[in-house]
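Please look over the sequence and the structure shown here before reading on. The briefing below starts with one pair of strands and then moves to other topics.

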Amino acid sequence: FKGGDTCEYLLSSGRFLGEKVWQPHSCMMHKYKNSEAKNCLIDKHVVFIGDSRIRQLFYSFIKLINPQVKEEGIKHGNIPFEDKSASIKVDFLWYPEVNGSMRQRIKSWTEGSVAKPHIIVVGAATWSIKIHNGSNEALAQYKINITSIAPLLEKLAISSDVYWVLQDPVYEDMLSENRKMITNEKIDAYNEAAVRILNSSSRNSKAKVKVFSVSKLIAQETIMKSVDGLHLPESSRDTNAMILMNVYCNKIMKPIDGSCCQPQPPLTLIQKIAFCFFTLSIIGYLIISLIHRNNYRKNKPCTDLESGEEKKPVISTPNVSTLEILLHCFCKLGLIMTYFYLCDRANLFMKENKFYTHSSFFIPIIYILVLGVFYTENTKETKVLNREQTDEWKGWMQLVILIYHISGASTFLPVYMHIRVLVAAYLFQTGYGHFSYFWIKGDFGVYRVCQVLFRLNFLVVVLCIVMDRPYQFYYFVPLVTVWFMIIYATLAVWPQIVQKKANGNCLWHFGLLLKLICLLTCIYFLSYSQGAFEKIFSFWPLSKCFELNGNVYEWWFRWKLDRYVVFHGMLFAFIYLALQKHQMISEGKGDPLFSNRVSNVLLFISIVSFLTYSIWASSCKNKTECNELHPSVSVVQILAFILIRNIPGYVRSVYSSFFAWFGKISLELFICQYHIWLAADTKGILVLIPGYPMFNVLVSTFIFVCVAHEISQITNDLAQIVVPKDNSTLLKRLLCIAGFFSGLHFFSAMQDQSRH
């Protein structure tokens, strides 16, 4: 609500999520690795000035650069640290009191051509309280001394980052006898004096000393764990050091999950063009709407004064023009994309880090499962994996994946492994659905291909433009797009083998199996030949689509993770359709899929297989090793689920309309969550209503689902216009689309050149 600088929030406010995770107010804090800290602080000089508490902060800070550092320096003396590989110097200067000595040291940096430190962290007070036994005269002298130092710090703040660390509270019951005079009341008085005096004379906003007051809040929660009642426990001072690193480094490193202290990114050329396009679409639609409204008023029925009856002029309702549909769609899309931009690119709404607890994941799962069972209806058809059933399957999987993402459950390995199966199941459906269509219909026309590609990619292309993200960033859409093209190429290439042709001669079935074996061989080769895979996708223009951070490794990793499951889906479709054709399965309403004996045996095996996989996934200890096995074994649980869901006739004859509704917009839900439900490109959570987490989730979820549903309708409407059935018209549209992407590439090249 307040807006303002997120740096101020980072330095002054926040709360603990659990026991150790600190959540700044309104923004996200990045956890810096050693390599990142070095890159940020390369050729920098950092100075910590103060007492033993500042020395603690100094050690926590340098451990972010080099974790091997041990706290072996002189307790009451200066301690130097240098990382020669990155030319980083970090010094601790022992000045336990704010006095003339400290003033002289600070003054030396303001005079002449002396090299000034890039970061200065200052703080002291407890020694003054201790030495002078907490006297009021000492407090008065502290005020005088800090008043003399303040102008020097403000002068340094013009060119350096200067932080004044307020004094943390103490745990009075644990203090030793010679520290009993250090009370929280005295500390508050010293802190109040420092805050009032610092920056009181500064009129230049750039010359402000940043007050590091957040450590007080952290200490209030953790000082009880202190060893001596004065010094903070290690976890708390590590948090303070990480906050300090975020304050300085976020604007330099620009981490995705570190929104604190990051300025709003400037609009790119492509974003400006998109903004103009959507604005013109909105204006155009409003003009057409006004014209129609005026025409309606002119043709409005009038009353016959003599008879008192209403005369209705005979007018024909005009068909809505293609232009009007286009403008209407782009008008709605423009408003939706504005909301996307405001949520995840402008610094308008707050963002928070995720924090996983078992309850935050499993309670919503139980809740939606109960809802799904409550909305149970009879299916229109009782075939295996009928349309209602596949929509239901997509729906509940998508809802579970959404809960997985917002709860941060990826940190819990058993949940991660089960979610990997859900992603694999979606790809399994891709293989099953597209193979079934091509096999039964034999339709390999351009219209079908363009329709599928448009529906899959439309939203992602728009988001790449509006949110300034590469295509590969939305990894799942490139994945299903490439697999669709692989399925199409496998079946469309000569000889085209379809069900109608195969029914005439059984040998064609062996021909199709040979095609599938060739496909499996290619998949196996590419999965174990990273070099060959990267060469294929490093050619222009494929490289523009599949590179992320300058290489295609991420794309290879994503593809490899579920490399066999689409093939499994195709093979399952082939076997199922063959069994169906030869009437070896019974799909009547209420009938088991096979004979009672066979059905019971298969059902028992399926349940055991399903539970066995879950036990294995739950016992995983190493993510890398489990990911290696996942492509080969994920099909076990998928097939087990299909058989459990379809063998009993009464189970196959019902479906959840609740889940099926979400299944129809599952792709839009998966993509939209990146920016308007989660935040910082899925790394955090969007906060529309601060201070009320549950209410915030309800409101943001409602908007998110409505937007996804609306985008689904917009995509369907535009697909009918952009991809017409008439081949000559379709060719013209494809040329226009090619021109659009050529222009996009041209402007993208201009952007890259201006950035470099």
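In this predicted model, strand E14 and strand E15, the latter made of residues 684–687, pair in the antiparallel sense over two bridges. Within this pairing, Ala 679 stands opposite Gly 684 in E15. The points that follow place this pair in its sheet, and then turn to the protein in general, to its backbone and to two chosen residues.

**The sheet around E14 and E15**

- The two strands belong to an open sheet of three strands, whose order is E11-E15-E14 and whose pairing is antiparallel.
- The edge strands of this sheet are E11, at residues 350–353, and E14, at residues 678–679, since each of them pairs on one side only.
- E11 is joined to E15 by four bridges, and these two strands run antiparallel.
- One of the facing pairs can be named: Met 350 has Val 687 of E15 as its bridge partner.
- Along E11, the side chains of Met 350 and Glu 352 point one way while those of Lys 351 and Asn 353 point the other way, and all of these residues are buried.

**The protein in general**

- The protein has 756 residues, and buried residues make up 51% of them.
- Its secondary structure consists of 29 helices and 15 strands.
- Taken along the principal axes, the box filled by the C-alpha atoms is roughly 100 × 85 × 55 Å.
- If one considers the contacts between residues at least 6 apart in sequence, 77% of them join residues that are at least 24 apart.
- The accessible surface comes to about 37,700 Å², and carbon and sulfur atoms account for 61% of that surface.
- There are 75 positive and 56 negative side chains, and the centres of these two sets lie 5 Å apart.

**A region named in a record**

- An unreviewed UniProt entry places the feature "domain: NXPE C-terminal" at residues 22–72.
- Over residues 22–72, the chain is 43% helix and 18% strand, and the C-alpha atoms at the two ends are 28 Å apart.

**Backbone features to look for**

- As background, most peptide bonds are trans, and most residues other than glycine have a negative phi.
- The peptide bond from Trp 494 to Pro 495 is cis, with omega near -5 degrees, and Pro 495 has its place in the loop between helix H16 (476–492) and helix H17 (499–504).
- The peptide bond from Trp 540 to Pro 541 is also cis, with omega near 5 degrees, and Pro 541 has its place in the loop between helix H19 (530–537) and helix H20 (542–546).
- Leu 385, which is not a glycine, has a positive phi near 50 degrees, and this residue is found in the loop between strand E12 (376–378) and helix H13 (387–407).
- Is Leu 385 buried or exposed? Leu 385 counts as buried because its relative accessibility is 8%, and the cut-off for being buried is under 20%.
- Asn 549, although not a glycine, has a positive phi of about 60 degrees, and Asn 549 is found in the loop between H20 and helix H21 (553–561).
- With a relative accessible area of 75%, Asn 549 is exposed, because exposed means over 50%.

**Two residues and their surroundings**

- His 630 has its place in helix H24, which covers residues 623–646, and His 630 counts as buried because its relative accessibility is 0%.
- Which residues are in contact with His 630, leaving aside its neighbours within four places in sequence? They are Met 417, Arg 420, Val 421, Ala 424, Leu 561, Asp 562 and Tyr 613.
- Ser 538 lies in the loop between H19 and H20, and Ser 538 is partly exposed because its relative accessible area is 38%, a value in between the cut-offs of 20% and 50%.
- Not counting residues up to four places away in sequence, Ser 538 touches Ser 543 and Val 552.
- Ser 538 and Val 552 are 14 residues apart in sequence, and their C-alpha atoms are 7.2 Å apart in space.

Definitions and conventions: Residues are numbered from 1 along each chain as its sequence is written. This is a predicted model: local features need pLDDT of at least 70, side-chain atom pairs count only at pLDDT 80 or more; totals for chains, interfaces and linings use all residues. Side-chain values use heavy atoms; hydrogens and water are left out. UniProt positions are given in the numbering used here, feature names are shortened, and annotations may be inferred rather than shown by experiment. Buried means under 20% relative accessible area, exposed over 50%, partly exposed in between (1.4 Å probe, protein chains only). Contact means heavy atoms within 4.5 Å. Accessible areas come from the Shrake-Rupley method with a 1.4 Å probe; for residues, only the protein chains shown count as cover. Lys and Arg count as positive and Asp and Glu as negative; His and the chain ends are not counted. The place of a charge is taken as NZ of Lys, CZ of Arg, CG of Asp or CD of Glu. Two strands pair if DSSP finds at least two bridges between them.
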